Amino acid sequence: MIRISSQQIFSGGINRLQDLNSNLNSTQQQISTGKRVNNPSDDPVAAARILKLDQELSRVETYQRNVNLAENRLNQEESALESSTDIIQRVRELTVQAGNGSLSANDRRSISSELKERLGQLANVANTRDPSGEYIFSGFQGSVKAFQQDDTGSWTYQGDEGQRVLEIDDGVTVPISDHGKGIFESIPASVTGEVVSSATGFVSGVRVVNEAALSNSNSGSFPDDVSIEIGSDPARTIIARDNAGNLLPAGSVVPATYQDGEPFVVAGVEATITGAAAGDTFELNINDKQSVFRTIENLVAGLDSLDKSTAQGSAEFDDLIANSLNNLDNAQESILLKQTELGGRMNAVESTKNFLEDSSVYTNEIRSELQDLDYAEAISNLSFQSFVLQAAQQSFAQVSQLSLFDRL
């Protein structure tokens, strides 16, 4: 026979009521929060998995912010490059117009005035800033204006050659900037000629007519400059040397003798020398670079100053127009190549963005299965637990009244 004291009855009843009340409170908390797991003790295994899923969601959200930043920067750069292309195209149209032989000096100065305006517009585009105020074409030096005018009024690049990259997923990085030097400044220039030593001679009509012959004329990877000297022999042979000072092979110059004002071809480059004497030297600049700003500046200066009434002035003006058109085409090609590269980056960013979105949806679905509450089941449990608690309270009230003193 087991003896049960009144103290045991009260202690057991109170403990039971506390347990039932705790379960009821836990169910009520689940219903109020909508979560099945509010504390690790509710389901330790599920709580550990939910913690890992939360960390994964945090990682995905961080990369999604980086993706949005990369997308915005690349879109802004693409827009700036499109504007640059439009401006250069207008400059090209004005250059073609300026080459019209029927224009007067005043007409050419009018074209020059619009070219100056277009030059300023191009500089503004090259100095585009992002929402944080940094110049997008300055490399790592975002606080430095990409292009500024020097003491002579020429636009020069002030940034560095750095390229910013951003991580948009684990081990996946994408460049989000390009320096202006590579886009607007280091542009292949048209082949030109210059006087090295001559009292009256000048060179004009320089252009590449045979790229294969030009490449084969040099021992290096690509030809640089070709030096021309008018020989002192009776035939006035044209002496040609490469940038290392070596004589070009026999047959590189056609015709081999100098004829005043007549074109000749040297290593695939055609040129015309006029008014030269024996011993005069000239240079053909083959592999130079020139910024698009310098191209427009030279064009403006030529339109304002060149006198077409003289043979030399007319030849220089024709060369100016031809070289400017060639340089502007090269500038447009440079920008087009960069736009193509940007398109590839934007495709990579878009693919990563879609992958991160899918990953976020999948992770949220798993997290929801582990944590979200089944309201129908929870409300049913709450009703049952309330009923059990009420029955236990009534039972305890009855039992607590039992006493031997009632039998005396």
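A crossing of two helices is left-handed if the near helix is turned anticlockwise from the far one by less than a right angle. Keep that in mind for the helix pairs below. The model shown here is predicted.

Start with the whole chain. The protein chain has 408 residues, and 38% of them are buried. Its secondary structure comes to eight helices and twelve strands. The accessible surface of the chain is about 22,200 Å², and carbon and sulfur atoms hold 49% of that area. Now look at contacts between residues at least 6 apart in sequence. Of these, 66% join residues at least 24 apart.

Next, find helix 3, residues 105–126, and helix 6, residues 292–305. Their axes come within 9 Å and cross at roughly 165 degrees. How do the two run relative to each other? An angle over 145 degrees counts as roughly antiparallel, and helix 3 and helix 6 are therefore roughly antiparallel. Their crossing is left-handed. By class, this contact has twelve nonpolar, one polar and five charged residues. On the side of helix 3, the residues include Ile111, Leu115, Leu119 and Leu122. On the side of helix 6, they include Phe293, Ile296, Leu299 and Leu303.

Helix 3 also packs against helix 2. Here the angle is about 170 degrees, and the axes are 10 Å apart. Helix 2 and helix 3 are therefore roughly antiparallel as well. The crossing of helix 2 and helix 3 is left-handed. Among the residues that meet are Ile87, Val91 and Leu94 in helix 2, and Ile111, Leu115 and Leu122 in helix 3. The residues of this contact divide into nine nonpolar, four polar and four charged.

Stay with helix 2, which spans residues 44–98, and pick out Thr95. Is Thr95 buried or exposed? The cut-off for buried is under 20% relative accessible area. Thr95 has 0%, so Thr95 is buried. What does Thr95 touch, leaving aside its neighbours within four places in sequence? Thr95 is in contact with Leu299, Ile321, Ser324, Leu325 and Leu328. One of these, Leu299, is also among the helix 6 residues that meet helix 3.

Now turn to the loops. Gly153 lies in the loop between strand 1 (147–149) and strand 2 (155–157). Its relative accessibility is 31%, so Gly153 counts as partly exposed. Along the chain, Gly153 and Glu297 are 144 residues apart. In space, their C-alpha atoms are separated by 9.3 Å. Glu297 is one of the helix 6 residues that meet helix 3.

Some loops hold backbone details. A cis peptide bond joins Val254 and Pro255, with omega about -10 degrees. Pro255 sits in the loop between strand 9 (253–254) and strand 10 (263–266).

Two other residues have a positive phi although neither is a glycine. Arg236 has a phi of about 55 degrees. Arg236 lies in the loop between strand 7 (225–230) and strand 8 (238–241). Ala267 has a phi near 50 degrees. Ala267 lies in the loop between strand 10 and strand 11 (269–274). Which of the two classes, buried or partly exposed, fits each residue? Arg236 has a relative accessible area of 29%, so Arg236 is partly exposed. Ala267 has 5%, so Ala267 is buried.

How values were computed
Residues numbered from 1 in each chain as written. Predicted model: local features only at pLDDT ≥ 70, side-chain atom pairs only at ≥ 80, totals over all residues. Heavy atoms only, no water. Helix = DSSP H or I, 4+ residues; strand = E, 2+ residues; numbered from the N terminus. Buried < 20%, exposed > 50% of the residue type's maximum accessible area, 1.4 Å probe, protein only. Contact = heavy atoms within 4.5 Å. Areas by Shrake-Rupley, 256 points an atom, 1.4 Å probe, with all protein chains shown as cover. Axes fitted to C-alpha atoms, helices over the stretch in contact; angles between N-to-C directions. Parallel < 35°, antiparallel > 145°, perpendicular 65-115°, else oblique. Nonpolar A, V, L, I, M, F, W, Y, C, P; charged D, E, K, R; others polar.
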